[in-house]
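Trainee: Could we go through this structure together, one question at a time?

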Amino acid sequence: MKTFCHLIGKYFGIIAVVFLILGMTVPDSFKWVVGNIGGIPVLSTLLGVIMFGMGMTMTVDDFKGVLHSPKAVVIGVVAQFMLMPGLAYLLCQLFQLP
């Protein structure tokens with residue numbers, strides 16, 4: 001299982017591009033992702049699995065790195081919660097999106 005997870009992590013970019021191309025060429029094949037299975041939303045479940053998998057790869061050293069460079073964390077938070085929404089708003093205004 002560890003080898004399998006390592007391979008997925010190593011080739012995640014390629015896997016993502018393959019699924020992007022599949023989703024763009026045969027979108028009907030992926031409609032099940034936005035539905036429910038047994039009353040459980042599939043998209044939320046898949047996102048939770050991905051986040052859990054990413055969290056399982058973290059080590060104590062990763063958290064120590066955050067404590068040693070808080071400036072990078074602040075920049076990331078500002079970018080995520082202020083810069084990116086502001087840019088999205090500007091793009092919506094520019095392209096006159098509803």
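The questions below go from the fold to the overall form and then to the pocket.

Mentor: This is a predicted model, in which local features need pLDDT of at least 70 and side-chain atom pairs count only at pLDDT 80 or more, while totals for chains, interfaces and linings use all residues. Residues are numbered from 1 along each chain as its sequence is written, and side-chain values use heavy atoms, with hydrogens and water left out.

Trainee: What pattern does the protein follow along the sequence?

Mentor: Helices (H or I, at least four residues) and strands (E, at least two) are DSSP runs, numbered from the N terminus. The protein has five helices and two strands. Read along the sequence, their pattern is α-α-β-β-α-α-α.

Trainee: What radius of gyration does the protein have?

Mentor: The radius is taken over C-alpha atoms, and the globule rule is 2.2 Å times the number of residues to the power 0.38. For a compact globule of 98 residues the radius would be near 13 Å, but the protein has 18 Å.

Trainee: How much of the protein counts as buried?

Mentor: Buried means under 20% relative accessible area, with a 1.4 Å probe and protein chains only. Of the 98 residues of the protein, the share that counts as buried is 2%.

Trainee: Which helix gives the most to the lining of the largest pocket?

Mentor: A pocket is an open set of points on a 1 Å grid over the protein atoms alone, where a 1.4 Å probe fits, with protein on both sides within 12 Å along at least five of seven lines; lining residues have an atom within 4 Å of a point. Helix 1 (2-10), helix 2 (12-25) and helix 3 (42-56) each give two or more residues to the lining of the largest pocket. The most, nine residues, come from helix 3.

Note on methods:
Buried means under 20% relative accessible area, exposed over 50%, partly exposed in between (1.4 Å probe, protein chains only).
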